[in-house]
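User: Please go through this structure for a first-year student. Start with the overall make-up of the chains, then give a close look at a single strand and the parts it pairs with.

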Amino acid sequence: MARYDRAITVFSPDGHLFQVEYALEAVRKGNAAVGVRGSDTIVLGVEKKSTPKLQDSRTVRKIVSLDTHIALACAGLKADARVLINRARIECQSHRLTVEDPASVEYITRYIAGLQQKYTQSGGVRPFGLSTLIVGFDPYTAVPALYQTDPSGTFSAWKANATGRNSNSMREFLEKNYKETSGRDTIKLAIRALLEVVESGGKNIEIAVMTRDEGLKQLEEAEIDEFVAEIEAEKAAAEAAKKAPPRET
Amino acid sequence: MKLDTTALDSSAALIPSIGGDGVFPAAPSFDLPSCDDFDGFQKNAKETLKHAKGTTTLAFIFKEGVIVAADSRASMGGYISSQSVKKIIEINPYMLGTMAGGAADCQFWHRNLGIKCRLHELANKRRISVTGASKLLANILFSYRGMGLSIGTMIAGWDEKGPGLYYVDSEGGRLKGNRFSVGSGSPYAYGVLDNGYRFDMSVEEAAELARRAIYHATFRDGASGGVVSVYHVGPDGWKKLSGDDVGELHYKYYPVQTTPVEQEMAEAPAA
(Lines give C-alpha, C1' and ligand atoms only; values in the text may rest on other atoms or scores of the structure.)
Protein backbone atom coordinates (compact mmCIF):
# COMPACT_ATOMS: atom_id res chain seq x y z
CA MET A 1 0.00 0.00 0.00
CA ALA A 2 2.84 2.37 0.72
CA ARG A 3 3.89 2.16 -2.88
CA TYR A 4 0.63 3.69 -4.17
CA ASP A 5 0.25 6.66 -1.92
CA ARG A 6 3.31 8.74 -2.76
CA ALA A 7 2.41 10.18 -6.12
CA ILE A 8 -0.98 11.70 -6.75
CA THR A 9 -1.07 10.39 -10.29
CA VAL A 10 -0.88 6.73 -9.36
CA PHE A 11 -4.00 4.62 -8.83
CA SER A 12 -3.87 1.80 -6.33
CA PRO A 13 -4.91 -1.66 -7.60
CA ASP A 14 -8.32 -1.31 -5.98
CA GLY A 15 -9.01 2.03 -7.58
CA HIS A 16 -8.04 4.52 -4.85
CA LEU A 17 -6.18 7.76 -5.20
CA PHE A 18 -4.61 7.79 -1.79
CA GLN A 19 -3.39 11.37 -1.90
CA VAL A 20 -6.95 12.57 -2.47
CA GLU A 21 -8.19 10.47 0.43
CA TYR A 22 -5.46 11.79 2.68
CA ALA A 23 -6.53 15.29 1.66
CA LEU A 24 -10.03 14.42 2.82
CA GLU A 25 -8.47 13.43 6.16
CA ALA A 26 -6.93 16.89 6.39
CA VAL A 27 -10.42 18.31 5.85
CA ARG A 28 -11.81 16.16 8.64
CA LYS A 29 -9.28 17.68 10.98
CA GLY A 30 -10.21 21.24 10.01
CA ASN A 31 -12.71 23.39 11.88
CA ALA A 32 -16.43 22.62 11.63
CA ALA A 33 -18.38 24.51 9.00
CA VAL A 34 -22.09 24.43 8.24
CA GLY A 35 -24.31 25.92 5.57
CA VAL A 36 -28.11 26.11 5.50
CA ARG A 37 -30.25 27.28 2.62
CA GLY A 38 -33.53 29.00 3.42
CA SER A 39 -36.12 30.40 1.05
CA ASP A 40 -34.77 33.96 1.20
CA THR A 41 -31.69 33.64 3.40
CA ILE A 42 -28.58 31.49 3.32
CA VAL A 43 -26.47 31.06 6.43
CA LEU A 44 -22.85 30.00 6.78
CA GLY A 45 -21.46 29.10 10.17
CA VAL A 46 -17.92 28.24 11.19
CA GLU A 47 -16.39 27.03 14.41
CA LYS A 48 -14.01 29.60 15.80
CA LYS A 49 -11.20 28.13 17.82
CA SER A 50 -10.24 30.20 20.83
CA THR A 51 -8.28 33.22 19.66
CA PRO A 52 -5.01 33.85 21.45
CA LYS A 53 -5.13 37.06 23.46
CA LEU A 54 -2.58 38.91 21.38
CA GLN A 55 -4.09 37.97 18.00
CA ASP A 56 -6.26 40.43 16.12
CA SER A 57 -9.26 38.24 15.47
CA ARG A 58 -10.56 40.45 12.66
CA THR A 59 -7.76 39.31 10.39
CA VAL A 60 -8.76 35.68 10.68
CA ARG A 61 -11.94 35.75 8.65
CA LYS A 62 -13.14 32.24 7.87
CA ILE A 63 -16.20 33.22 5.85
CA VAL A 64 -15.27 35.33 2.83
CA SER A 65 -17.11 36.87 -0.08
CA LEU A 66 -16.10 35.96 -3.62
CA ASP A 67 -18.34 38.59 -5.21
CA THR A 68 -21.16 40.81 -4.02
CA HIS A 69 -23.60 37.91 -4.31
CA ILE A 70 -21.43 34.84 -3.57
CA ALA A 71 -19.75 33.79 -0.31
CA LEU A 72 -17.56 30.87 0.72
CA ALA A 73 -16.68 29.02 3.91
CA CYS A 74 -14.18 26.19 4.06
CA ALA A 75 -12.69 23.51 6.24
CA GLY A 76 -9.13 22.27 5.97
CA LEU A 77 -5.80 23.86 5.16
CA LYS A 78 -6.29 27.60 5.44
CA ALA A 79 -3.27 28.46 3.30
CA ASP A 80 -4.66 26.40 0.43
CA ALA A 81 -7.96 28.20 0.98
CA ARG A 82 -6.35 31.59 0.45
CA VAL A 83 -4.96 30.51 -2.94
CA LEU A 84 -8.25 28.99 -4.08
CA ILE A 85 -10.25 32.00 -2.93
CA ASN A 86 -7.98 34.40 -4.81
CA ARG A 87 -8.33 32.40 -8.02
CA ALA A 88 -12.11 32.25 -7.57
CA ARG A 89 -12.34 35.99 -6.99
CA ILE A 90 -10.39 36.65 -10.19
CA GLU A 91 -12.65 34.27 -12.09
CA CYS A 92 -15.76 36.08 -10.81
CA GLN A 93 -14.45 39.36 -12.22
CA SER A 94 -13.24 37.72 -15.41
CA HIS A 95 -16.75 36.34 -15.96
CA ARG A 96 -18.21 39.83 -15.44
CA LEU A 97 -15.77 41.19 -18.03
CA THR A 98 -16.29 38.59 -20.73
CA VAL A 99 -20.07 38.25 -20.65
CA GLU A 100 -21.02 41.50 -18.85
CA ASP A 101 -23.00 39.57 -16.27
CA PRO A 102 -22.28 38.33 -12.72
CA ALA A 103 -21.29 34.69 -12.45
CA SER A 104 -23.88 32.24 -11.18
CA VAL A 105 -23.12 30.26 -7.99
CA GLU A 106 -23.07 27.06 -10.03
CA TYR A 107 -20.54 28.53 -12.44
CA ILE A 108 -18.07 29.54 -9.78
CA THR A 109 -18.54 26.24 -7.93
CA ARG A 110 -17.79 24.42 -11.17
CA TYR A 111 -14.67 26.54 -11.58
CA ILE A 112 -13.39 25.87 -8.04
CA ALA A 113 -14.16 22.16 -8.32
CA GLY A 114 -12.43 22.07 -11.70
CA LEU A 115 -9.38 23.69 -10.15
CA GLN A 116 -9.35 21.18 -7.31
CA GLN A 117 -9.64 18.34 -9.83
CA LYS A 118 -6.77 19.69 -11.93
CA TYR A 119 -4.47 19.32 -8.97
CA THR A 120 -5.39 15.64 -8.66
CA GLN A 121 -4.21 14.93 -12.17
CA SER A 122 -0.92 16.81 -12.46
CA GLY A 123 2.61 15.81 -11.75
CA GLY A 124 4.57 17.27 -8.89
CA VAL A 125 1.61 18.88 -7.10
CA ARG A 126 -0.62 17.82 -4.27
CA PRO A 127 -4.38 18.29 -4.01
CA PHE A 128 -5.87 21.28 -2.19
CA GLY A 129 -6.57 20.14 1.35
CA LEU A 130 -9.95 21.75 1.79
CA SER A 131 -13.67 21.34 1.19
CA THR A 132 -15.68 24.46 0.51
CA LEU A 133 -19.26 25.50 1.10
CA ILE A 134 -20.28 28.05 -1.52
CA VAL A 135 -23.48 30.03 -1.15
CA GLY A 136 -25.16 32.78 -3.11
CA PHE A 137 -28.16 33.99 -5.03
CA ASP A 138 -28.41 33.32 -8.75
CA PRO A 139 -28.09 36.74 -10.43
CA TYR A 140 -30.80 35.93 -12.99
CA THR A 141 -33.41 33.96 -11.05
CA ALA A 142 -32.63 35.15 -7.47
CA VAL A 143 -32.89 31.54 -6.31
CA PRO A 144 -30.66 30.84 -3.27
CA ALA A 145 -28.08 28.10 -3.71
CA LEU A 146 -25.67 26.13 -1.53
CA TYR A 147 -22.93 23.99 -3.04
CA GLN A 148 -20.13 21.89 -1.60
CA THR A 149 -16.82 20.94 -3.22
CA ASP A 150 -14.15 18.57 -1.94
CA PRO A 151 -10.46 17.81 -2.65
CA SER A 152 -11.34 15.26 -5.33
CA GLY A 153 -13.03 17.99 -7.37
CA THR A 154 -16.60 16.75 -7.09
CA PHE A 155 -19.38 19.20 -6.31
CA SER A 156 -23.09 19.04 -5.66
CA ALA A 157 -25.93 21.24 -4.47
CA TRP A 158 -27.40 20.90 -0.99
CA LYS A 159 -30.27 22.16 1.12
CA ALA A 160 -27.99 22.04 4.14
CA ASN A 161 -24.57 20.54 4.69
CA ALA A 162 -21.64 20.46 7.03
CA THR A 163 -17.94 19.79 6.60
CA GLY A 164 -14.82 19.70 8.72
CA ARG A 165 -14.63 18.34 12.24
CA ASN A 166 -17.62 16.29 13.43
CA SER A 167 -19.40 16.95 10.18
CA ASN A 168 -21.20 13.61 10.41
CA SER A 169 -22.98 14.53 13.65
CA MET A 170 -23.91 17.93 12.26
CA ARG A 171 -25.24 16.39 9.08
CA GLU A 172 -27.26 13.85 11.05
CA PHE A 173 -28.75 16.69 13.09
CA LEU A 174 -29.59 18.62 9.95
CA GLU A 175 -31.18 15.59 8.32
CA LYS A 176 -33.39 15.10 11.33
CA ASN A 177 -34.33 18.72 11.83
CA TYR A 178 -34.24 20.33 8.40
CA LYS A 179 -37.32 22.00 7.10
CA GLU A 180 -37.91 24.93 4.74
CA THR A 181 -37.15 28.07 6.72
CA SER A 182 -36.67 31.74 6.11
CA GLY A 183 -35.07 34.68 7.86
CA ARG A 184 -34.29 34.18 11.54
CA ASP A 185 -35.33 30.52 11.52
CA THR A 186 -32.62 29.70 8.99
CA ILE A 187 -30.02 31.37 11.18
CA LYS A 188 -31.27 29.49 14.22
CA LEU A 189 -31.11 26.15 12.40
CA ALA A 190 -27.51 26.77 11.40
CA ILE A 191 -26.51 27.79 14.92
CA ARG A 192 -28.28 24.79 16.42
CA ALA A 193 -26.36 22.48 14.10
CA LEU A 194 -23.05 24.08 15.05
CA LEU A 195 -23.88 23.98 18.75
CA GLU A 196 -24.15 20.19 18.50
CA VAL A 197 -20.38 19.98 18.13
CA VAL A 198 -19.10 23.30 19.44
CA GLU A 199 -19.05 24.81 22.91
CA SER A 200 -21.88 27.17 23.39
CA GLY A 201 -21.40 30.92 23.08
CA GLY A 202 -20.79 33.67 20.56
CA LYS A 203 -17.06 33.49 21.22
CA ASN A 204 -16.74 30.13 19.49
CA ILE A 205 -18.99 30.59 16.50
CA GLU A 206 -18.73 32.80 13.45
CA ILE A 207 -21.96 33.30 11.50
CA ALA A 208 -22.55 35.10 8.21
CA VAL A 209 -25.94 35.67 6.63
CA MET A 210 -26.50 36.28 2.93
CA THR A 211 -29.68 37.87 1.67
CA ARG A 212 -30.51 38.93 -1.84
CA ASP A 213 -30.78 42.62 -1.08
CA GLU A 214 -28.07 43.10 1.52
CA GLY A 215 -25.41 40.64 0.40
CA LEU A 216 -23.17 39.06 2.99
CA LYS A 217 -23.41 40.27 6.59
CA GLN A 218 -21.21 38.90 9.37
CA LEU A 219 -23.10 38.72 12.64
CA GLU A 220 -21.65 40.46 15.69
CA GLU A 221 -20.79 38.42 18.77
CA ALA A 222 -23.65 40.06 20.65
CA GLU A 223 -26.15 39.11 17.94
CA ILE A 224 -24.96 35.50 18.01
CA ASP A 225 -25.29 35.42 21.78
CA GLU A 226 -28.86 36.64 21.37
CA PHE A 227 -29.67 33.75 19.04
CA VAL A 228 -27.92 31.27 21.30
CA ALA A 229 -29.95 32.50 24.26
CA GLU A 230 -33.15 32.12 22.25
CA ILE A 231 -32.18 28.58 21.26
CA GLU A 232 -31.33 27.63 24.83
CA ALA A 233 -34.67 28.98 26.00
CA GLU A 234 -36.51 26.99 23.34
CA LYS A 235 -34.58 23.88 24.29
CA ALA A 236 -35.40 24.34 27.96
CA ALA A 237 -39.09 24.86 27.15
CA ALA A 238 -39.14 21.69 25.04
CA GLU A 239 -37.47 19.73 27.86
CA ALA A 240 -39.98 21.04 30.38
CA ALA A 241 -42.93 20.18 28.12
CA LYS A 242 -41.60 16.65 27.75
CA LYS A 243 -41.12 16.13 31.50
CA ALA A 244 -44.45 17.48 32.69
CA PRO A 245 -47.26 15.22 31.47
CA PRO A 246 -50.27 17.06 30.04
CA ARG A 247 -53.01 17.58 32.65
CA GLU A 248 -56.24 15.81 31.99
CA THR A 249 -59.43 17.56 32.75
CA MET B 1 21.00 -1.07 -59.15
CA LYS B 2 22.69 2.23 -59.00
CA LEU B 3 20.18 5.06 -58.69
CA ASP B 4 20.62 8.22 -60.73
CA THR B 5 21.11 10.94 -58.14
CA THR B 6 22.39 13.69 -60.41
CA ALA B 7 19.25 15.69 -59.80
CA LEU B 8 19.97 15.77 -56.11
CA ASP B 9 23.38 17.32 -56.52
CA SER B 10 23.54 20.89 -55.42
CA SER B 11 23.72 22.98 -58.59
CA ALA B 12 25.42 25.70 -56.63
CA ALA B 13 28.60 23.70 -56.77
CA LEU B 14 28.65 23.98 -60.59
CA ILE B 15 28.01 27.74 -60.78
CA PRO B 16 30.75 30.09 -59.68
CA SER B 17 29.53 31.08 -56.25
CA ILE B 18 27.86 34.48 -56.03
CA GLY B 19 28.59 35.52 -52.53
CA GLY B 20 30.60 32.62 -51.29
CA ASP B 21 34.30 32.35 -51.97
CA GLY B 22 35.60 29.84 -54.45
CA VAL B 23 35.89 27.11 -51.82
CA PHE B 24 32.36 26.89 -50.34
CA PRO B 25 29.13 26.94 -52.41
CA ALA B 26 26.75 29.91 -51.90
CA ALA B 27 23.74 29.39 -49.65
CA PRO B 28 20.52 28.50 -51.52
CA SER B 29 18.45 31.59 -52.28
CA PHE B 30 15.50 32.69 -54.38
CA ASP B 31 14.98 35.76 -56.50
CA LEU B 32 13.57 38.82 -54.82
CA PRO B 33 11.41 41.22 -56.84
CA SER B 34 13.54 44.10 -57.95
CA CYS B 35 11.71 47.04 -56.47
CA ASP B 36 11.97 49.19 -53.36
CA ASP B 37 9.16 47.84 -51.25
CA PHE B 38 9.09 44.09 -51.81
CA ASP B 39 6.96 43.49 -48.71
CA GLY B 40 4.15 45.78 -49.74
CA PHE B 41 4.22 46.10 -53.53
CA GLN B 42 1.34 43.68 -53.89
CA LYS B 43 -0.81 45.61 -51.41
CA ASN B 44 -2.49 47.77 -54.07
CA ALA B 45 -3.38 44.78 -56.13
CA LYS B 46 -4.79 42.96 -53.11
CA GLU B 47 -6.77 45.98 -51.91
CA THR B 48 -8.56 46.25 -55.24
CA LEU B 49 -9.66 42.68 -55.00
CA LYS B 50 -10.76 42.92 -51.37
CA HIS B 51 -14.47 43.36 -50.65
CA ALA B 52 -13.63 46.51 -48.64
CA LYS B 53 -17.03 46.51 -46.95
CA GLY B 54 -18.87 47.16 -50.21
CA THR B 55 -22.33 46.41 -48.94
CA THR B 56 -25.33 47.79 -47.12
CA THR B 57 -26.62 46.17 -43.94
CA LEU B 58 -28.82 47.63 -41.26
CA ALA B 59 -30.53 46.63 -38.05
CA PHE B 60 -32.73 48.45 -35.56
CA ILE B 61 -34.63 47.75 -32.36
CA PHE B 62 -38.29 48.68 -32.12
CA LYS B 63 -41.32 47.76 -30.05
CA GLU B 64 -41.75 44.29 -31.51
CA GLY B 65 -38.07 43.26 -31.49
CA VAL B 66 -35.23 43.70 -33.99
CA ILE B 67 -35.36 44.09 -37.76
CA VAL B 68 -32.24 43.04 -39.68
CA ALA B 69 -31.86 43.74 -43.39
CA ALA B 70 -29.09 43.51 -45.96
CA ASP B 71 -28.38 43.57 -49.69
CA SER B 72 -26.74 40.64 -51.51
CA ARG B 73 -24.09 42.02 -53.83
CA ALA B 74 -20.43 41.03 -53.67
CA SER B 75 -17.97 43.17 -55.62
CA MET B 76 -14.27 42.88 -56.36
CA GLY B 77 -13.27 46.41 -57.26
CA GLY B 78 -15.51 47.28 -60.20
CA TYR B 79 -16.52 43.71 -60.94
CA ILE B 80 -19.75 42.37 -59.51
CA SER B 81 -18.79 38.88 -58.46
CA SER B 82 -22.17 37.81 -57.10
CA GLN B 83 -25.71 39.14 -56.76
CA SER B 84 -26.85 36.44 -54.37
CA VAL B 85 -24.67 36.46 -51.29
CA LYS B 86 -26.31 35.62 -47.96
CA LYS B 87 -25.22 38.53 -45.79
CA ILE B 88 -27.41 37.72 -42.83
CA ILE B 89 -25.87 34.82 -40.97
CA GLU B 90 -27.97 32.66 -38.67
CA ILE B 91 -25.79 32.16 -35.58
CA ASN B 92 -28.52 30.20 -33.77
CA PRO B 93 -32.32 30.19 -33.76
CA TYR B 94 -32.55 33.41 -31.78
CA MET B 95 -29.46 35.36 -32.93
CA LEU B 96 -28.45 36.84 -36.26
CA GLY B 97 -25.21 38.36 -37.51
CA THR B 98 -24.70 40.59 -40.54
CA MET B 99 -21.80 40.44 -42.95
CA ALA B 100 -19.79 43.41 -44.14
CA GLY B 101 -16.17 43.31 -45.16
CA GLY B 102 -14.44 40.05 -45.97
CA ALA B 103 -17.00 37.35 -46.69
CA ALA B 104 -14.79 34.49 -45.55
CA ASP B 105 -13.84 36.30 -42.35
CA CYS B 106 -17.48 37.02 -41.51
CA GLN B 107 -18.74 33.55 -42.31
CA PHE B 108 -16.00 31.75 -40.42
CA TRP B 109 -16.09 33.86 -37.28
CA HIS B 110 -19.87 33.90 -37.12
CA ARG B 111 -19.92 30.13 -37.33
CA ASN B 112 -17.22 30.00 -34.67
CA LEU B 113 -19.35 32.29 -32.51
CA GLY B 114 -22.30 29.94 -33.00
CA ILE B 115 -20.18 27.08 -31.71
CA LYS B 116 -19.12 29.07 -28.64
CA CYS B 117 -22.74 30.08 -27.93
CA ARG B 118 -23.87 26.46 -28.06
CA LEU B 119 -21.04 25.37 -25.75
CA HIS B 120 -22.04 28.09 -23.31
CA GLU B 121 -25.62 26.82 -23.38
CA LEU B 122 -24.53 23.26 -22.69
CA ALA B 123 -22.15 24.19 -19.87
CA ASN B 124 -24.40 26.69 -18.13
CA LYS B 125 -27.85 25.27 -18.91
CA ARG B 126 -29.02 28.67 -20.11
CA ARG B 127 -28.80 30.59 -23.36
CA ILE B 128 -26.04 33.14 -23.72
CA SER B 129 -27.15 36.76 -23.75
CA VAL B 130 -26.68 38.96 -26.84
CA THR B 131 -24.32 41.03 -24.67
CA GLY B 132 -22.22 37.98 -23.90
CA ALA B 133 -22.17 36.70 -27.48
CA SER B 134 -21.13 40.05 -28.91
CA LYS B 135 -18.45 40.37 -26.25
CA LEU B 136 -17.05 36.93 -27.10
CA LEU B 137 -16.78 37.93 -30.76
CA ALA B 138 -15.32 41.35 -29.98
CA ASN B 139 -12.63 39.83 -27.75
CA ILE B 140 -11.65 37.35 -30.46
CA LEU B 141 -11.47 40.10 -33.09
CA PHE B 142 -9.44 42.30 -30.78
CA SER B 143 -6.86 39.58 -30.37
CA TYR B 144 -6.47 39.47 -34.17
CA ARG B 145 -6.19 43.23 -34.41
CA GLY B 146 -3.75 44.40 -37.07
CA MET B 147 -3.56 41.00 -38.75
CA GLY B 148 -5.81 41.90 -41.66
CA LEU B 149 -9.27 40.65 -40.67
CA SER B 150 -12.00 42.77 -42.21
CA ILE B 151 -15.32 42.42 -40.41
CA GLY B 152 -18.06 44.95 -39.72
CA THR B 153 -20.91 43.06 -38.20
CA MET B 154 -24.03 43.58 -36.14
CA ILE B 155 -25.15 40.96 -33.64
CA ALA B 156 -28.91 41.06 -33.19
CA GLY B 157 -30.95 38.81 -30.96
CA TRP B 158 -33.61 38.39 -28.33
CA ASP B 159 -32.57 37.25 -24.84
CA GLU B 160 -33.99 37.45 -21.30
CA LYS B 161 -33.47 41.19 -21.17
CA GLY B 162 -35.42 41.66 -24.38
CA PRO B 163 -34.15 42.66 -27.84
CA GLY B 164 -30.42 43.30 -28.12
CA LEU B 165 -28.30 44.89 -30.85
CA TYR B 166 -24.53 45.34 -30.92
CA TYR B 167 -22.09 46.55 -33.57
CA VAL B 168 -18.73 44.71 -33.59
CA ASP B 169 -15.83 45.31 -35.96
CA SER B 170 -12.42 43.93 -36.76
CA GLU B 171 -10.68 46.84 -35.08
CA GLY B 172 -12.00 45.33 -31.85
CA GLY B 173 -14.69 47.96 -31.35
CA ARG B 174 -18.04 47.06 -29.84
CA LEU B 175 -21.03 49.39 -29.49
CA LYS B 176 -24.47 48.90 -28.02
CA GLY B 177 -27.23 50.73 -29.84
CA ASN B 178 -30.74 50.91 -31.20
CA ARG B 179 -30.03 51.66 -34.88
CA PHE B 180 -27.03 50.71 -36.96
CA SER B 181 -26.13 50.57 -40.64
CA VAL B 182 -22.82 49.17 -41.86
CA GLY B 183 -21.16 49.25 -45.24
CA SER B 184 -20.48 51.52 -48.19
CA GLY B 185 -24.19 52.14 -48.68
CA SER B 186 -24.81 52.97 -45.03
CA PRO B 187 -25.00 56.79 -45.42
CA TYR B 188 -27.89 56.40 -47.85
CA ALA B 189 -29.59 53.81 -45.69
CA TYR B 190 -29.22 55.98 -42.57
CA GLY B 191 -30.94 58.84 -44.37
CA VAL B 192 -34.08 56.85 -45.03
CA LEU B 193 -33.93 54.88 -41.77
CA ASP B 194 -33.42 57.82 -39.42
CA ASN B 195 -36.17 59.76 -41.20
CA GLY B 196 -38.81 57.07 -41.02
CA TYR B 197 -37.97 55.44 -37.66
CA ARG B 198 -40.49 55.31 -34.81
CA PHE B 199 -40.21 53.02 -31.81
CA ASP B 200 -43.80 51.84 -31.94
CA MET B 201 -44.18 50.46 -35.43
CA SER B 202 -45.79 47.20 -36.37
CA VAL B 203 -43.64 44.41 -37.78
CA GLU B 204 -44.89 45.12 -41.33
CA GLU B 205 -44.18 48.83 -41.07
CA ALA B 206 -40.70 48.21 -39.69
CA ALA B 207 -39.93 45.66 -42.38
CA GLU B 208 -41.07 48.07 -45.09
CA LEU B 209 -38.88 50.81 -43.63
CA ALA B 210 -35.86 48.50 -43.66
CA ARG B 211 -36.63 47.39 -47.22
CA ARG B 212 -36.90 50.97 -48.46
CA ALA B 213 -33.69 51.99 -46.71
CA ILE B 214 -31.67 49.18 -48.30
CA TYR B 215 -33.31 49.82 -51.69
CA HIS B 216 -32.31 53.47 -51.66
CA ALA B 217 -28.76 52.51 -50.69
CA THR B 218 -28.55 50.06 -53.59
CA PHE B 219 -29.89 52.76 -55.92
CA ARG B 220 -27.02 55.16 -55.21
CA ASP B 221 -24.17 52.88 -54.08
CA GLY B 222 -22.53 50.84 -56.80
CA ALA B 223 -21.21 48.23 -54.41
CA SER B 224 -24.69 47.35 -53.11
CA GLY B 225 -27.45 45.60 -54.99
CA GLY B 226 -29.04 42.27 -55.71
CA VAL B 227 -31.76 41.16 -53.32
CA VAL B 228 -32.96 42.86 -50.12
CA SER B 229 -33.40 40.31 -47.31
CA VAL B 230 -35.41 41.36 -44.27
CA TYR B 231 -35.44 39.35 -41.05
CA HIS B 232 -37.36 39.91 -37.83
CA VAL B 233 -36.11 38.75 -34.41
CA GLY B 234 -38.87 38.27 -31.89
CA PRO B 235 -39.21 36.54 -28.53
CA ASP B 236 -39.44 33.16 -30.24
CA GLY B 237 -36.39 33.68 -32.43
CA TRP B 238 -35.76 35.01 -35.90
CA LYS B 239 -37.92 34.69 -38.99
CA LYS B 240 -37.14 35.67 -42.56
CA LEU B 241 -39.80 38.06 -43.76
CA SER B 242 -38.91 38.79 -47.36
CA GLY B 243 -36.33 38.71 -50.12
CA ASP B 244 -37.03 41.20 -52.93
CA ASP B 245 -34.96 41.98 -55.98
CA VAL B 246 -34.02 45.66 -55.95
CA GLY B 247 -34.76 45.99 -59.65
CA GLU B 248 -38.35 44.96 -59.07
CA LEU B 249 -38.55 47.14 -55.95
CA HIS B 250 -37.50 50.14 -58.04
CA TYR B 251 -40.49 49.81 -60.31
CA LYS B 252 -42.73 49.18 -57.34
CA TYR B 253 -41.69 52.44 -55.72
CA TYR B 254 -41.35 54.41 -58.92
CA PRO B 255 -43.75 52.90 -61.44
CA VAL B 256 -43.29 54.00 -65.03
CA GLN B 257 -45.46 57.08 -65.70
CA THR B 258 -47.57 56.87 -68.79
CA THR B 259 -46.78 60.14 -70.57
CA PRO B 260 -49.53 61.72 -72.66
CA VAL B 261 -48.94 60.98 -76.30
CA GLU B 262 -49.14 63.89 -78.72
CA GLN B 263 -49.53 62.05 -81.90
CA GLU B 264 -50.44 58.52 -82.12
CA MET B 265 -49.30 56.45 -84.97
CA ALA B 266 -52.15 54.70 -86.57
CA GLU B 267 -52.20 51.89 -88.97
CA ALA B 268 -51.99 53.13 -92.51
CA PRO B 269 -55.19 52.20 -94.28
CA ALA B 270 -54.51 49.34 -96.55
CA ALA B 271 -54.07 50.78 -99.98
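Analyst: Chain B contains six helices and twelve strands in this model, which is predicted. Of its 271 residues, 42% are buried. Its accessible surface is about 16300 Å², and carbon and sulfur atoms account for 56% of that area. If we take the contacts in chain B between residues at least 6 apart in sequence, 61% of them link residues at least 24 apart.

Chain A, which holds the strand for the close look, has six helices and ten strands. Its radius of gyration is 20 Å, close to the 18 Å that the globule rule gives for 249 residues, so chain A is as compact as a globular protein of that length. The C-alpha trace of chain A spans about 75 × 50 × 45 Å along its principal axes. Buried residues make up 46% of the 249 in chain A. The chain exposes about 13200 Å², with 51% supplied by carbon and sulfur atoms. For contacts in chain A between residues at least 6 apart in sequence, the share that joins residues at least 24 apart is 63%.

Now the close look. The strand is β6 of chain A, residues 144-149. How many of the residues of β6(A) are buried? Six of its six residues are, and the strand is mostly covered. As background, side chains in a regular strand alternate between the two faces of the sheet. In β6(A), P144(A), L146(A) and Q148(A) point one way, while A145(A), Y147(A) and T149(A) point the other way. Both sets are buried.

On one side in sequence, β6(A) is preceded by β5(A), residues 130-137, with a loop between the two. β5(A) and β6(A) pair in the antiparallel sense, over six bridges. One of the bridged pairs is V135(A) with L146(A) of β6(A). L146(A) is also in the set that points the way of P144(A) and Q148(A).

The two strands form a hairpin with six residues between them. What is notable about the backbone of A142(A) in this hairpin? Its phi is positive, near 60°, although the residue is not a glycine. Most residues other than glycine have a negative phi. A142(A) has a relative accessible area of 25%, so it is partly exposed; the buried class stops at 20%. The next strand, β6(A), starts at residue 144, and P144(A) there is buried.

On the other side in sequence comes β7(A), residues 155-157, which runs antiparallel to β6(A) and is joined to it by three bridges. Here the bridge partner of Y147(A) is A157(A). Y147(A) belongs to the set of A145(A) and T149(A), which point the other way from L146(A). β6(A) and β7(A) also make a hairpin, this one with five residues between the strands. In its turn, G153(A) has a positive phi of about 95°.

Another hairpin in chain A can be set beside these. Strand β9(A), residues 205-211, and strand β10(A), residues 215-218, run antiparallel and are joined by four bridges. Three residues connect them in the hairpin, and M210(A) has L216(A) of β10(A) as its bridge partner.

A positive phi in a residue other than glycine also turns up in chain B. K125(B) has a phi of about 55° and lies in the loop between helices α2 (103-124) and α3 (130-143) of that chain. K125(B) counts as exposed because its relative accessibility is 71%, above the 50% cut-off.

Last, the rings. Over all chains there are twelve aromatic pairs. One of them joins Y119(A) and F128(A): the ring centres are 4.7 Å apart and the planes lie at 55°, so this pair is tilted. Y119(A) is partly exposed at 25% relative accessibility, whereas F128(A) is buried at 6%. In chain B, Y215(B), F219(B), Y253(B) and Y254(B) make up one aromatic cluster.

Rings also take part in contacts with charged groups. The charged end of R126(B) sits over the ring of Y140(A), 3.6 Å from the ring centre. Within chain B, R127(B) lies over the face of Y94(B), 4.0 Å from the centre of that ring.

To return to the strand: β6(A) pairs with β5(A) over six bridges and with β7(A) over three, and six of its six residues are buried.

Notes:
Residues numbered from 1 in each chain as written. Chains lettered and ligands numbered in written order. Predicted model: local features only at pLDDT ≥ 70, side-chain atom pairs only at ≥ 80, totals over all residues. Heavy atoms only, no water. Pairing = 2+ DSSP bridges. Phe/Tyr/Trp six-rings, centres within 6.5 Å; stacked < 30°, edge-to-face > 60°. Buried < 20%, exposed > 50% of the residue type's maximum accessible area, 1.4 Å probe, protein only. Lys NZ or Arg CZ within 6 Å of the ring centre and 35° of its normal. Rg over C-alpha atoms; globule rule 2.2 N^0.38 Å. Contact = heavy atoms within 4.5 Å. Areas by Shrake-Rupley, 256 points an atom, 1.4 Å probe, with all protein chains shown as cover.
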